[in-house]
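I opened the notebook to go through one structure piece by piece and to write down what I looked up.

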Amino acid sequence: MMEFKDIVTRFKPKFWHTETSPFNSQILFNYRRFWLLSIFLRFTISVAPMLIFLIMNLSLARTALQNENYLRTVRLTSNARRTIAYFLEERLDALKFIIQETEFQRLKDPVGLFSILQNLKMGFGGFVDVGLINDSGLQINYAGPFDLAGRNYRDQKWFRECYETGTYISDVFLGYRRLPHLIAAVKGSIQDGSYYLLRATLDITKFTQIVSSLELSEKSDAFLCNREGLLQTPSKYYGGIFERIDLPIPEYSPHSEVAEAIDRAGNPVSIGYAYIEKSPYILMLVKRNQEIMKGWYSLRKEMIWLFWGCTVVTLIVVLSISTFMVNKIYHADQTRLSAMDRLEGTSRLASIGRLAAGVAHEINNPLAVINENAGLIKDLFILKKEYKEDPQLLELIDTILESVERSGEITRELLGFARHFEPKIQPLQLHKVIKEVVSFYKKEALYRNIRINIDVPEDIPVIHSDHGSLQQIFLSLVNNAFQAMKGGCQLDVIAAKQDEKYVTVSIRDNGCGIPEDEQKKIFEPFYSTKSTKGGTGLGLSITYGLVQKLNGDISVHSKIGEGTTFTVRLPINLEGVTPK
Amino acid sequence: MKILLVDDEEKFVSRLAQRLILRGLEADWATTWDEALSKTEKGKYDIAVLDVKMPFMSGIDLKKKLEKISPDMKFIFVTGHGSEEDYNVGSKEAAFYIMKPFKIETLVEKIKQALEV
C-alpha cells in the first residue's frame, strides 16, 4: 500500500500541492482544478466521437446482418416450400393421370388396381396403397397391404371435402402400421354421371427427407406442421411428431415470410414460414437469434476491446499533455511571481532609501544648530580661565560634540544610500582594487589570526567601473565578514568571469552565518544584528545601493555555523550596460 | 578677510559667526536674502557661506544676485540636504560644498583654500 502511494506521489505534478487560499491572491489558478478540467474536456472530446462511431457501427452491422438473414431465410423457406408443393402436386397429378387414362372397369378390377399400385411405386415411389371409393363412400376396390375393401368413408371429413373440391391431401397420421402417413385423393367421373374417388396412402419418408436435407445450422430447426400447430414431421427442438409446437402459429400469407417470436425456453427466434398450397401444411424454419447474431456478437466484442484500448491510450496521452501544459503554466507563474517579488523588494528598498534620505535632510539642520552651539560653549570655555581648568565641563561638551558627529555620520551614510552620484568610470584591475581593500584589514587579520585568501584568475578582464564605489562595496563586505568571524577562520575573496558581459566577486567567510529569515532583510536600511555593538544597520543597504548604481547585483548565501558568501556581479563595461 | 554667513537658522548662523570671530576671522551673518543683499551693498566681503535651502530664495539664486553686486566674491555652500541635484549645482557654482553638521576646522580650512591664503 505504501509502495503504491510512493508511486502516486512520484507521478503527482509539481503544482499538486499548491494551495489556493484567499491570502495568496498572487496565484491566478487553482492548478488542480485547471488540470482536472483540461483532462476532462480533452478526454471527452477524444472519446465521445469514438463512442458514437462504435455505437453507429455496431448498429449498422446489426441491421445489415439482420437484413441478410431475413433474405436468406425467405429464400430458403421459399425453395423448400416449392419442393414440397411440387412433391405433393406430382402425386396428385399421378392420380389424376390414372383417372384420365384408365377405364373405370379396370380400376374396379383388383388385379388392375394392384398393377396400377405397382406402377406407381415404381414410377414415383412413396405409394403404400390405393383404394377406389364410390360416391356413397364405399371402398369398392383396394390394393395394398391391409384388408380395407368394403369400408365406408361417407361420414369422414376428407371424403366430403374431396368430393366438393376434387382433390384432397390429409394431415399426417399414424397408419395401421404405426408409421406416419398421409392420404392423397382425387375425384373422377364415370360416363353415367356418377363420381368416384381414387385414394392413395403415401409414405412421408420422402417428405421428411426434403425437410431434413435443408442446410441448416446446428441450433436451427425445420419442420412441417398443420394449421392447428400439430407437428407433421419430427422436430429437433420443438416437440415430437403429432405434438403441438411450442411456437405461435404465424398468420396466413401467400408468400414466404419471416416472423419474430420467443420460444418456450425464452430464446428469441426468427421463424421463416410458408403455407403450402392445396395442403394443410405450414413449412417452418426456426433459427435462434443468438445463432444468427453470432457474427455480430464477436464483432461487438472485438470492437469493444478496441474501444477500451483506444480509451486507455487516449487517457495516457491526455494525461501527459495536460500535466505538461499545466506544469508549464505553473512554472511561468512561479517565475512571474518571483520576478514580482524581486521587483517589490527592489522598489521597497528604494522607497525606504528615499524615506531615510528625507529624515536625514531634516535632522541635519538641527544637528548643525546643536553642533555650533555646543562648539561655541567649548570655545568660550577654552577662552575663560575658570572653565578651562574644569575637565568635567569640557568632557560634557565633548560628549555632545561626539554625539553630533556620530549622528552626522549616520545621516551622511543615509544620504549616501539614496544619493546618486555620477560614477567616474575608468578601467580597473580587479585584483588591485581587492588588494587595496584587503590591505586595510591585514593588521586586524594578523592580530585575530584570520587567514585571507585572494583568488583572482590571470585572465579576468579589466573592468570599466567606478573606483570609489568598488572600494566602498568591497570594504563594507570584508568588514562584515570580519565581524562574523572568530579567530582561526578564513576569508576568501574569489573573482571569476561569468560570461562576456559580467564578472563576479565572492566574499566568503566561514563565520557564524545568517539565519534564513534574516537573509531577506539584510539589505534593508537600519536592519542590523550588531546594533548592540554600535552598527548603524546601513552598511549593507549602502553597498546594495552602490552595486545597483554600478548596474550590478548582489546576492547572499548563508548557512548557520558554516558561513556566508556575498556575491557581487558587475558588468565588465559599465557603459555597455543599460542602466537600471 | 571678511566673511558673510547666510542661513535662515539664526541660532546656527549667529553662533557660527561668533566662533569664527573667536578664531580671528572677520565674520558677519544674515538670516534672510534681503538682509544679505543690503549687507553686501554696504560693505565688501571676500567670501560668502550660503545655505542652499532657504525660504523665498535658494542659496544658488542668492549667489547669482550677490555676484552681480560684488563680482570678486567667493562662495561656499553648506546644506543639510544632500540631493544629487543640489550637489551637482552646488559643486559647479561654488568653490566648496559642505554638508551639515561639519567641524568648524573643516569650514575654516575650506575658506582659506577658497581665498588661497
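The entries below follow the contact between the chains, then one helix, then one sheet; I keep in mind that this is a predicted model.

**Entry 1, the contact.** I looked up which residues take part and found 20 from chain A and 17 from chain B. On the side of chain A that touches chain B, helix H8 (294–383) and helix H10 (391–418) of chain A each supply at least two residues, and the largest share, 13 residues, comes from H8(A). Sorting that side of chain A by class, I noted 8 nonpolar, 8 polar and 4 charged residues.

**Entry 2, a helix of chain A.** I checked burial in helix H15 (residues 539–549) of chain A and found that 9 of its 11 residues are buried, so the helix is largely enclosed by the rest of the structure. Among the buried residues I listed Gly539(A), Ile542(A), Tyr544(A) and Val547(A). After H15(A) comes Asn551(A), where I read a positive phi, near 60°.

**Entry 3, the sheet of chain B.** I traced an open sheet of 5 strands in the order S2-S1-S3-S4-S5 (chain B), with parallel pairing. Strand S2 (26–30) and strand S5 (96–99) of chain B stand at the edges with a single partner strand each, so one side of each has no neighbour in the sheet. Looking closer at strand S3 (residues 47–51) and strand S4 (residues 74–79) of chain B, I found that they pair in the parallel sense over 5 bridges, and that Ile47(B) has Lys74(B) in S4(B) as its bridge partner.

**Entry 4, helices across the sheet.** I found helix H1 (residues 10–22) of chain B lying across strand S1 (2–6) and S2 of chain B, at about 175° to S2(B), while helix H3 (residues 59–69) of chain B lies across S1, S3 and S4 of chain B, at about 155° to S3(B).

Key
Residues are numbered from 1 along each chain as its sequence is written. Chains are lettered from A and ligands numbered from 1 in the order in which they are written. This is a predicted model: local features need pLDDT of at least 70, side-chain atom pairs count only at pLDDT 80 or more; totals for chains, interfaces and linings use all residues. Two residues are in contact if their C-beta atoms, placed from the backbone, lie within 7 Å. Ala, Val, Leu, Ile, Met, Phe, Trp, Tyr, Cys and Pro count as nonpolar, Asp, Glu, Lys and Arg as charged, and the others, Gly among them, as polar. A residue is buried if 20 or more other C-beta atoms lie within 10 Å of its own, exposed if 12 or fewer, and partly exposed in between; C-beta atoms are placed from the backbone. Two strands pair if DSSP finds at least two bridges between them. Axes are lines fitted to C-alpha atoms, for helices over the stretch in contact, and angles run from 0 to 180 degrees between N-to-C directions.
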